[in-house]
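Student: I have a protein model open and would like to learn how to read it. Could you take me through its features step by step?

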Amino acid sequence: MTGMKKGAGEDPFADTSSVESTTPQSTQEEPSESENTESQVDEGDTQQSQQQLQIPYKFRRDGVQDGRDRVPLFLQKETKVAERDALHELEDKFEENVSLTDLREALVKVGLQHLDEAEECLEDWGYGMTFD
């Protein structure tokens, strides 16, 4: 017998992780050389990475702050208004609540991918100006 019967109320992600987590253990029971052990550890890391890639962060975490460092953020009034508008727009698009923390990190990540535009914003704020 392989286990319990699957029910309609099961968490689909919990089932996947329990199946994948048992697979590496069965292969680790038969290592005979240190090279095999090292390759199995690498395979375990790869499987864990693949598992994390398959399950989106939103569903892997226990709470919105899980896996994040606290970073104080102070916003100008017009930025705060634009952030609120963006939040409402994305909630309408996804038809669900969007965490403000998720939105802020997404905005930071996208900003990091577009440093040239961030540079322009900083220049608008006076960075790079010299007064001779």
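Tutor: Happy to! Keep in mind that this is a predicted model. Let's begin with the empty space: the largest pocket has a volume of about 1400 Å³. Its lining counts 30 residues, and those closest to the centre are L73, R104, E105, L107 and V108.

Student: How does one find empty space like that?

Tutor: The general idea is that rolling a probe the size of a water molecule over the atoms shows where empty space is left.

Student: Which helix gives the most to the lining of the largest pocket?

Tutor: That is α5, with eight residues. At least two lining residues come from each of α4 (77-94), α5 (100-113) and α6 (115-124).

Student: How do the residues of that lining divide into nonpolar, polar and charged?

Tutor: In the lining of the largest pocket, 15 are nonpolar, seven are polar and eight are charged.

Student: And what is the volume of the second largest pocket?

Tutor: About 330 Å³. Here 15 residues form the lining, with F94, V98, D102, L103 and A106 the closest to the centre. Both α4 and α5 supply at least two residues of this lining, and α5 gives the most, with six. Sorted by class, the second largest pocket is lined by six nonpolar, two polar and seven charged residues.

Student: Let's step back to the overall fold. How many helices and how many strands does the protein have?

Tutor: There are six helices and zero strands. Read from the N terminus, the order of elements is α-α-α-α-α-α.

Student: What share of the protein is made up of buried residues?

Tutor: Of the 132 residues in the protein, 9% are buried.

Student: Next, salt bridges. What should I look for?

Tutor: Look for a side-chain nitrogen of Lys or Arg within 4 Å of a carboxyl oxygen of Asp or Glu. This structure holds seven such salt bridges. In one of them, D102 pairs with R61, and their closest N and O atoms are 2.7 Å apart. This pair links distant parts of the chain, 41 residues apart: D102 sits in helix α5, while R61 sits in the loop between α3 (57-60) and α4.

Student: Are D102 and R61 buried or exposed?

Tutor: Both D102 and R61 are buried. Another salt bridge joins the side chains of E83 and R104, at 2.5 Å from N to O. Since E83 belongs to helix α4 and R104 to helix α5, this pair ties together parts that are 21 residues apart in sequence.

Student: Why does E83 count as buried?

Tutor: Check the relative accessible area: under 20% means buried, over 50% means exposed, and in between is partly exposed. E83 has 6% relative accessibility, so E83 counts as buried. Its partner R104 has 26%, so R104 counts as partly exposed.

Student: Let me try that on another salt bridge. How should I describe R84 and D85?

Tutor: Their side chains meet in a salt bridge of 3.5 Å, N to O. R84 is partly exposed because its relative accessible area is 43%. D85, at 40%, counts as partly exposed too.

Student: Which residues are linked in a network of salt bridges?

Tutor: The network links R61, R68, D102 and E105. You have already met D102 as the salt-bridge partner of R61.

Student: Now the surface. Which residues make the nonpolar patch there?

Tutor: V108, L112 and L115 make a nonpolar surface patch of about 310 Å². L115 lies in helix α6, and with 55% relative accessibility L115 counts as exposed.

Student: One last feature: what can backbone angles show me?

Tutor: Take a look at E95, in the loop between α4 and α5. Its phi is near 55°, which is a positive value in a residue other than glycine.

Student: Why is E95 called exposed?

Tutor: Because its relative accessible area is 71%, and over 50% is the range for exposed residues.

Student: Thanks! Where should I go back to for practice?

Tutor: Try α5 in your viewer: you will find R104 there, paired with E83 of helix α4, and D102, paired with R61.

How values were computed. Residues numbered from 1 in each chain as written. Predicted model: local features only at pLDDT ≥ 70, side-chain atom pairs only at ≥ 80, totals over all residues. Heavy atoms only, no water. 1 Å grid on protein atoms, 1.4 Å probe; cavity = no way out; pocket = protein on both sides within 12 Å on 5 of 7 lines; lining within 4 Å. Points joined across faces, edges and corners; volume = space filled by probe spheres on them. Helix = DSSP H or I, 4+ residues; strand = E, 2+ residues; numbered from the N terminus. Nonpolar A, V, L, I, M, F, W, Y, C, P; charged D, E, K, R; others polar. Patch = residues over 30% accessible without salt bridge, like charges linked within 9 Å, V, L, I, M, F, W, Y side chains within 5 Å. Areas by Shrake-Rupley, 256 points an atom, 1.4 Å probe, with all protein chains shown as cover. Buried < 20%, exposed > 50% of the residue type's maximum accessible area, 1.4 Å probe, protein only.
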